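Reader: I am new to this. Could you show me the model and tell me how each label is earned?

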Amino acid sequence: MSWTEERVELLKKLWTDGLSASQIAAELGGVTRNAVIGKVHRLGLSGRTKTTRPAAPRVRKARSPSMPPRPVTRVIGNTALKLNVVAEQQVEAEIVPVRTLAPVTELFIPPEQRATILELNEHTCKWPIGDPGHDDFYFCGRRSESGVPYCEHHCSVAYQPASDRKRSKASGAN
DNA sequence: CCCTGATTCGC
DNA sequence: GCGAATCAGG
């Protein structure tokens with residue numbers, strides 16, 4: 001493929017939007033990221049304005065490698081009641097499908113990095129994108145550390161500290 | 001190993 | 001001008 005005026009314009013737009021060379025290459029199709037970078041230099045676009053994020057989004061590591069973070073069930077008073085309390089909450093959790101995280105601005109995932117559920121494995125990010133049941137539903141599918149369910153970006157989203165989320169203060173005690 | 005952009009150099 | 005190969009870095 002050649003650098004038509006259209007493709008150059010799209011390249012300029014995506015580059016100044018802060019997409020990486022490989023993402024742009026995927027978007028354009030028919031070119032490699034090397035080609036994109038080469039073109040960017042020839043156009044004199046290199047050295048993006050400071051809006052560029054540091055390569056990969058830095059994230060804190062998932063705490064315990066084996067055990068995913070989980071809301072702690074606090075037991076006040078007679079700890080002998082603990083098991084019952086947990087059991088009740090689990091039952092409730094099954095019938096109340098809620099994602100309480102605040103809406104997140106999704107990354108742009110190039111189409112060829114996206115994964116269907118059948119393509120997920122221990123090395124792929126399992127972050128769902130879109131609505132299940134719609135045909136535009138897919139999973140992030142980027143590389144994740146072995147055994148870690150999400151890529152770096154979605155780890156940082158999934159394990160976002162509670163202090164960063166919108167707080168819904170429970171009014172009454174209980 | 002995954003990724004990033006930068007540079008070189010034969011075509 | 002183009003882009004694969006390579007380099008340097010996170």
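Reader: How much area does chain A expose, and what share do carbon and sulfur atoms supply?

Author: In this predicted model, chain A exposes about 13,300 Å². Carbon and sulfur atoms supply 54% of that area. The areas come from the Shrake-Rupley method with a 1.4 Å probe; for residues, only the protein chains shown count as cover.

Reader: What are the ground rules?

Author: Residues are numbered from 1 along each chain as its sequence is written, and chains are lettered from A and ligands numbered from 1 in the order in which they are written. Local features need pLDDT of at least 70, side-chain atom pairs count only at pLDDT 80 or more, totals for chains, interfaces and linings use all residues, and side-chain values use heavy atoms, with hydrogens and water left out.

Reader: What makes Cys140 buried or exposed?

Author: Its relative accessible area decides. Buried means under 20%, exposed over 50%, and partly exposed in between (1.4 Å probe, protein chains only). Cys140 has 0%, so Cys140 is buried. Cys151 is at 3% relative accessibility, so Cys151 counts as buried too. Across chain A, buried residues make up 21% of the 174 residues.

Reader: How many disulfides are there?

Author: A disulfide is a pair of cysteine sulfur atoms within 2.5 Å. By this rule, the count is zero. Cys140 is in no disulfide; the nearest cysteine sulfur, in Cys125, is 3.7 Å away.

Reader: Why is Cys151 not bonded to Cys125?

Author: The closest cysteine sulfur to that of Cys151 is in Cys125, at 3.7 Å, so the two are too far apart for a bond.

Reader: Which residues come nearest to DNA strand C?

Author: Near means that a heavy atom of the residue lies within 4 Å of the strand. Eight residues surround DNA strand C, and Trp3, Thr32, Asn34, Lys39 and Arg42 come nearest.

Reader: What makes a pair of atoms there a polar contact?

Author: Two N or O atoms must lie within 3.5 Å; within protein, one must be able to donate a hydrogen and the other to accept it, and residues adjacent in sequence count only if both atoms are side-chain atoms. A polar side-chain atom of Trp3 is 2.7 Å from a phosphate oxygen of DNA strand C. For Thr32, the distance to a phosphate oxygen is 2.5 Å. Arg42 has a side-chain N or O atom 2.5 Å from a base nitrogen of DNA strand C.
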